[in-house]
Amino acid sequence: MPEPFVRTTSRVIAIPRANIDTDQICPARFLKITDKAGLADALFFDWRFTPDGKRREPVSFIDEPHNAGRQILLVGDNFGAGSSREHAPWALRAWGIRAIFSTGFADIFRGNALKNALLPIVVTPDRYAALTALQAADPDGEWTVDLEAQKATLPDGESFAFEIDPFARKMILAGTDEIGYVRSNLPAIEAWEAAHPARVDTARA
Amino acid sequence: MAEKPRTLFEKIWDDHVVSSDPGAPAILAIDLHLVHEVTSPQAFTGLRERGLKVRRPGQTVATADHSIPTLDPSLPILDELAAKQLRQIEENCREFGIPFYGKGSPTRGIVHVIGPELGLTQPGMTIVCGDSHTATHGAFGALAFGIGTSEIEMVLATQTLLQRKPKTFRVQIDGRLGPGVGAKDIILALIARIGIGGGTGHVIEYTGEAIRALSMEERMTVCNMSIEAGARAGLIAPDETTFAYLKGRKFAPHGAAWDEAVARWRKLPTDEGATYDRTVTIDGQALEPMVTYGNNPGMGISVTGRIPSLTDVEPAARADLEHALAYMGLQPGASIAGQKLDVVFIGSCTNGRIEDLRAAASVLRGRRVAAGLRVLVVPGSQQVKKQAEAEGLDDVFTAAGAEWRESGCSMCIAMNGDQLEPGQYGISTSNRNFEGRQGKGGRTFLASPITAAASAIAGVVTDPRTLKPTATSVDVAHSTAVETH
Ligand code: SF4
């Protein structure tokens, strides 16, 4: 069962690159696991380690001590492009990330993130530019992301509202499970199935 | 009252909405759920923890493709984690009663290759898989899209998904393609034009003369990479080409059921007067063979073109271009043709079907690959492999100096030991040139099978139209036969 999530206050990590794909977030060779363990170490792995497995010198920003424990990312457009691997949001969550600001997210990534109570928050290009400037000027400033109020608050006290899928918001705030919700609609599913004979039978010999 | 004209997408969507509470996403019924070893284990664990069964095992089918080795199947799998993952899917399928095509099965293969070849993929269906290239199945006029592991669990448990209705996007490819230009070039050109986020939130429908002229397998190549344009799915209206491909396949309807199905499928194409949220038109006649130069599939140019300079792009995109070219080790402004190669990969769910192998073989027949080059040809499924061997294509490849393998994803995703070494250059018929995708530090050029094959001969990125014909090979510059049948 997911834990309810309402708000967080944290410093921010900015990655000013567009199109950060799921192969960067969690490289494919970490997809051989059959559980969700160890994925915090896989996050942005190839940015942090050389191809022969050594930690890069100087260390990647992800491994800089002052970035440890930060829960908010500020990233370029179309974050999460590429594969459907839920390992990407799992890795982000395992590392500690709870909310991501960007001008856009890839569709499957966005859906996967919401299912893991990781908030993909879309901002306008102007707002993104302003947030980037703010973070650069005050890299240790704390931002608050409040899902309940659908509001982000910046270190200077300024705040702005953000949009998020209302259904996902309700689920995350309450820690409700979507499968439970859909199963409460089983009569409708059965009615649909009765009216629509199966198109294929994969068990047919 | 006349009904409102609807698009192909809207017809399939409307037909599958089970219920829609105000404020909640629609509950969408799923006709076919394809499963593979990499994205499913945690979903089965979830099901077990809830004490649930698979709701409709007969609408579910599983295979092993991503982490399975493409070497001799009688050899043990040395990678412990991959071996465990492969054991796990077998056990999960047995426990939950799901048909499974595993190691040794004659119908095993890449999930998006076997669905169509077994006739499981049919017009008007909703099809999902824990894999973003599920869009491939849209070539049949099915609404097919990739899902995450939580959603896999949802489909296993309920045979439905919670979905917000996407927007519609019409991509029209007019005219006829020139010699040496094919389906892969259409889709790479589209992504170069609209960008890798250009289709976000949309379902693309491909229309136009150039699309109608494509074979089913070529249509699959186009739809396959819809996700590389950011689209949720890609669709092509079913027509006689679709029906001819499906007829007689194992899971396709037979007898009277076939006639009924075809009658139903004929009603699917978009109604006259239906509108799309967005439209893009491309002149097919003007297309050329395409190659990517950067670290995402949108960074594609004509094989006759030059790698962009920083001043060619918007100021906001310069840092990303600079980063991409540094990763690729390429000079801004240089010609893409002539760039050196270490590896050629022909395969994947984009271009690992029989027509792709025929096209590559038509170029390689009677020729040798360049000295020092590693060339891997990996069929998309065991059935493709068998067919290729029956046609003697394996001999063409091995005589040319290429490796001929068992089917699987292989170097498309580099999970099974087939990979680029750090710094190596590969030209690949797969779909993603992301950093490290084909092996840590590997550098990928994406291209069509004939461009990859022509490049294999020259040892550098090559325009297939510039190859001089030999006694036994096809003259690409003067024939459209190589890319079609
Ligand atoms: S061939 Fe590549 S893109 Fe296709 S399913 Fe396999 S890994 Fe994914």
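Here is a walk through a predicted model, from one chain to the interface and then to the ligand.

Let's start with chain A. Its secondary structure adds up to nine helices and eight strands. Measured out along the principal axes, the C-alpha atoms of chain A fill a box of roughly 60 × 45 × 30 Å. Chain A has 205 residues, and 54% of them count as buried. What about the contacts inside the chain? If you take those in chain A with a separation of 6 or more, 63% come from residues 24 or more positions apart.

Now bring in chain B. The two chains meet through 56 residues from chain A and 79 residues from chain B. Between them, chain A and chain B bury about 5,700 Å², and 55% of that is on carbon and sulfur atoms. On the chain A side, keep an eye on A:Lys32, A:Arg199 and A:Thr202: they supply 14% of the area that chain A buries against chain B, more than any other three residues.

For a single residue with contacts across the chains, have a look at B:Asp320. You'll find B:Asp320 in helix 11 of chain B, which runs over residues 318–328. Leaving out residues up to four places away in sequence, B:Asp320 touches A:Arg17 and A:Ala18 from chain A, plus B:Met299 from chain B. To get your bearings within chain B, B:Pro422 is a handy second marker: B:Asp320 and B:Pro422 are 102 residues apart in sequence, and their C-alpha atoms are 21 Å apart in space.

Next stop, B:Gln163. This residue belongs to strand 8 of chain B, residues 160–163. Is B:Gln163 buried or exposed? B:Gln163 counts as buried, because its relative accessibility is 7%, and the cut-off for buried is under 20%. Which residues does B:Gln163 touch, once those up to four places away in sequence are set aside? The list is B:Trp13, B:Pro25, B:Ala26, B:Leu28, B:Phe145, B:Glu151 and B:Arg232.

Finally, the ligand. The space that the ligand takes is the largest cavity. The residues around the ligand carry chain B labels: B:His66, B:Ile110, B:His112, B:Asp131, B:His133, B:Ser348, B:Cys349, B:Cys409, B:Cys412, B:Ile413, B:Asn431 and B:Arg437. How does this shell divide by residue type? Five of the shell residues are nonpolar, five are polar and two are charged. Among the names to pick out on screen are the histidines B:His66, B:His112 and B:His133, and the cysteines B:Cys349, B:Cys409 and B:Cys412.

Conventions: Residues are numbered from 1 along each chain as its sequence is written. Chains are lettered from A and ligands numbered from 1 in the order in which they are written. This is a predicted model: local features need pLDDT of at least 70, side-chain atom pairs count only at pLDDT 80 or more; totals for chains, interfaces and linings use all residues. Side-chain values use heavy atoms; hydrogens and water are left out. A residue is near a molecule or strand if one of its heavy atoms lies within 4 Å of it. On a 1 Å grid over the protein atoms alone, a cavity is a set of points where a 1.4 Å probe fits but cannot get out, and a pocket is an open set with protein on both sides within 12 Å along at least five of seven lines; lining residues have an atom within 4 Å of a point. A molecule sits in a cavity or pocket if more than half of its atoms lie within 2 Å of its grid points. Ala, Val, Leu, Ile, Met, Phe, Trp, Tyr, Cys and Pro count as nonpolar, Asp, Glu, Lys and Arg as charged, and the others, Gly among them, as polar. Helices (H or I, at least four residues) and strands (E, at least two) are DSSP runs, numbered from the N terminus. Buried means under 20% relative accessible area, exposed over 50%, partly exposed in between (1.4 Å probe, protein chains only). Contact means heavy atoms within 4.5 Å. Buried area is the accessible area (1.4 Å probe) that two parts lose on being put together, summed over both.
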